[in-house]
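Hi,

Here is the structure I promised to send over. Have a look at it first, and my notes follow underneath.

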Amino acid sequence: MTQRHAPLKPLWVCTADLLNWPCENAKVELVADYKHDRRNLAVDLAALMRQATDDLARLYSKPPDPAEMHIRFIGWLRSVRNV
């Protein structure tokens, strides 16, 4: 499970396209990697969201908005069709 569109920490941008991670391509890769284990994808993304929130809060004077972080890391999962 090597992702081409991986997060560059602690900035949490995509290493391939420098968009906020997970970018659209990272989402496609993640869904493919967790194709038979959607629940663990959600659990892993929640842990990454926490890590990203902590990192970004240390980097910037204003901490990231929790609702935006949820949408960015987890909110998109509901729109993914079951494979």
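Glu24 is exposed, at 57% relative accessible area (exposed means over 50%, buried under 20% and partly exposed in between, with a 1.4 Å probe and protein chains only). One thing before I go on: this is a predicted model, so local features need pLDDT of at least 70 and side-chain atom pairs count only at pLDDT 80 or more, while totals for chains, interfaces and linings use all residues. Residues are numbered from 1 along each chain as its sequence is written, and side-chain values use heavy atoms, with hydrogens and water left out.

Back to Glu24: its partner in a salt bridge is Lys27, with 3.2 Å between the closest N and O atoms. By salt bridge I mean a side-chain nitrogen of Lys or Arg within 4 Å of a carboxyl oxygen of Asp or Glu. Lys27, unlike its exposed partner, is buried at 14% relative accessibility. The two sit three residues apart in helix α1, about one helical turn. Helices here are DSSP runs of H or I with at least four residues, numbered from the N terminus.

How many salt bridges does a search of the whole structure find? Three. Besides the Glu24 pair, there are these, both in helix α2:

- Asp54 and Arg50 meet at 3.4 Å, N to O. They are four residues apart, about one turn of the helix. Asp54 is partly exposed at 29% relative accessibility, and Arg50 is exposed at 56%.
- Asp55 and Arg58 meet at 2.6 Å, N to O. They are three residues apart, again about one turn. Asp55 is buried at 12% relative accessibility, whereas Arg58 is exposed at 63%.

The spacing makes sense: an α-helix has 3.6 residues a turn, so residues three or four places apart point the same way.

Now for helix α3, residues 66-73, where Met69, Arg72 and Phe73 are buried. Seen down the axis of α3, these buried residues fall within an arc of 80°, so they line one face of the helix (the arc is taken from the directions from the helix axis to the C-beta atoms). Their cover includes α1 (24-33) and α2 (38-59). At the start of α3, a side-chain oxygen of Asp65 comes to within 3.1 Å of the backbone nitrogen of Ala67.

What does Arg72 do with its charge? Arg72 is buried yet has no salt bridge, and the nearest side chain of opposite charge, Glu68, is 7.6 Å away (Lys and Arg count as positive, Asp and Glu as negative; His and the chain ends are not counted). Its side chain does reach the backbone oxygen of Trp21, at 2.7 Å. Leaving aside neighbours within four places in sequence, Arg72 is in contact with Trp12, Asn20, Trp21, Pro22, Lys27 and Leu56, where contact means heavy atoms within 4.5 Å. Note that Lys27, from the Glu24 salt bridge, is on that list.

Last, the cysteines. The disulfide count comes to zero, with a disulfide taken as a pair of cysteine sulfur atoms within 2.5 Å. Why no bond at Cys14? Its sulfur is 3.7 Å from the closest cysteine sulfur, in Cys23, which is too far for a bond. Both residues are buried: Cys14 has a relative accessible area of 0% and Cys23 one of 3%.

Cheers

Key. Polar contact = N/O pair within 3.5 Å; in protein donor to acceptor, adjacent residues only side chain to side chain.
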